[in-house]
Amino acid sequence: MTKKVSIVFHSVCGNNYLMAKEFYKEFESQGAEVKMLRVNDPNLEELAKQFTIAGQYKNEMLSIDEASPEKLLDSDIILMGSPTYYGNVSGAMKSFMDAFSPYWTGASFWGKKLFAFSTCANGQGGGDMCLNAINIFGQHMGMTNVPVPSNLVSGQSFPAYGLLHYVGDYSNMRPSGFTLMAVKAMTERLLEL
């Protein structure tokens, strides 16, 4: 049976978008029915004016359908990616998560698989806490959190809570190398569930 996968991301500087895009490509190549959705960010246009890097993928991101809980109801696997803001998800991602409240009482998302990914400036940026915020949300919705196995990429260590990519102080370190290897390996693991 073909797995239905939804990848929901919030991105300002483009790094979470690039990770979501890579996941999309990998799921599609494995024959999954996959869709990529963006979280609405009412500040994106203004941020793109203030920060050059925020404008680099703005038009591509805005061309992607906006996410809503309703669009995820038929998903078997849901991936959620957010930039790390002060050790938590972004405000836009939090607003998106809050939109699930009508579905909580009916346990509409119970049993769906949830995988978290995030970006943050460095190892002291609270990326683990951002991943945990996504996982805690999933638990409250009755989803099954999928951890990163310790042997995902030989010789590399990733937090168990999800896939984390460090972007540097200027958000200009794009996903590459071991991060892309981890995306590919995690896609294969998720489809085995």
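Let me start with Phe117, which counts as buried at 0% relative accessibility. Keep in mind that this is a predicted model.

Phe117 has a partner. With Phe23 it makes an aromatic pair, one of nine such pairs counted here. A pair of aromatic rings is described by two things, the distance of the centres and the angle of the planes. For Phe23 and Phe117, the centres are 5.5 Å apart and the planes stand at 40 degrees. That makes the pair tilted, because the angle is neither under 30 degrees nor over 60.

Where do the two residues of this pair sit in the chain? Phe23 is in helix H1, residues 15–29, and Phe117 is in strand S4, residues 113–120. They are 94 residues apart, so the pair links distant parts of the chain. Phe23 is buried too, at 0% relative accessibility.

Next, another pair: Phe96 and Phe100. Their ring centres lie 5.2 Å apart, and with the planes at 90 degrees the pair is edge-to-face. Phe96 is buried, with a relative accessible area of 6%, and Phe100 is buried as well, at 1%. Both belong to one aromatic cluster, together with Tyr103, Phe109 and Phe137.

Last, back to Phe23, this time from the side of Thr187. Thr187 lies in helix H8, residues 177–192. Is Thr187 buried or exposed? Its relative accessible area is 1%, which is under the 20% cut-off, so Thr187 is buried. Which residues does Thr187 contact, leaving aside neighbours within four places in sequence? They are Phe23, Glu26, Phe27 and Gln30. Phe23, then, has come up twice: in the tilted pair with Phe117, and as a contact of Thr187.

Notes
Residues are numbered from 1 along each chain as its sequence is written. This is a predicted model: local features need pLDDT of at least 70, side-chain atom pairs count only at pLDDT 80 or more; totals for chains, interfaces and linings use all residues. Side-chain values use heavy atoms; hydrogens and water are left out. Helices (H or I, at least four residues) and strands (E, at least two) are DSSP runs, numbered from the N terminus. Buried means under 20% relative accessible area, exposed over 50%, partly exposed in between (1.4 Å probe, protein chains only). Contact means heavy atoms within 4.5 Å. Rings of Phe, Tyr and Trp (its six-membered ring) pair if their centres lie within 6.5 Å; planes under 30 degrees apart count as stacked, over 60 as edge-to-face and the rest as tilted.
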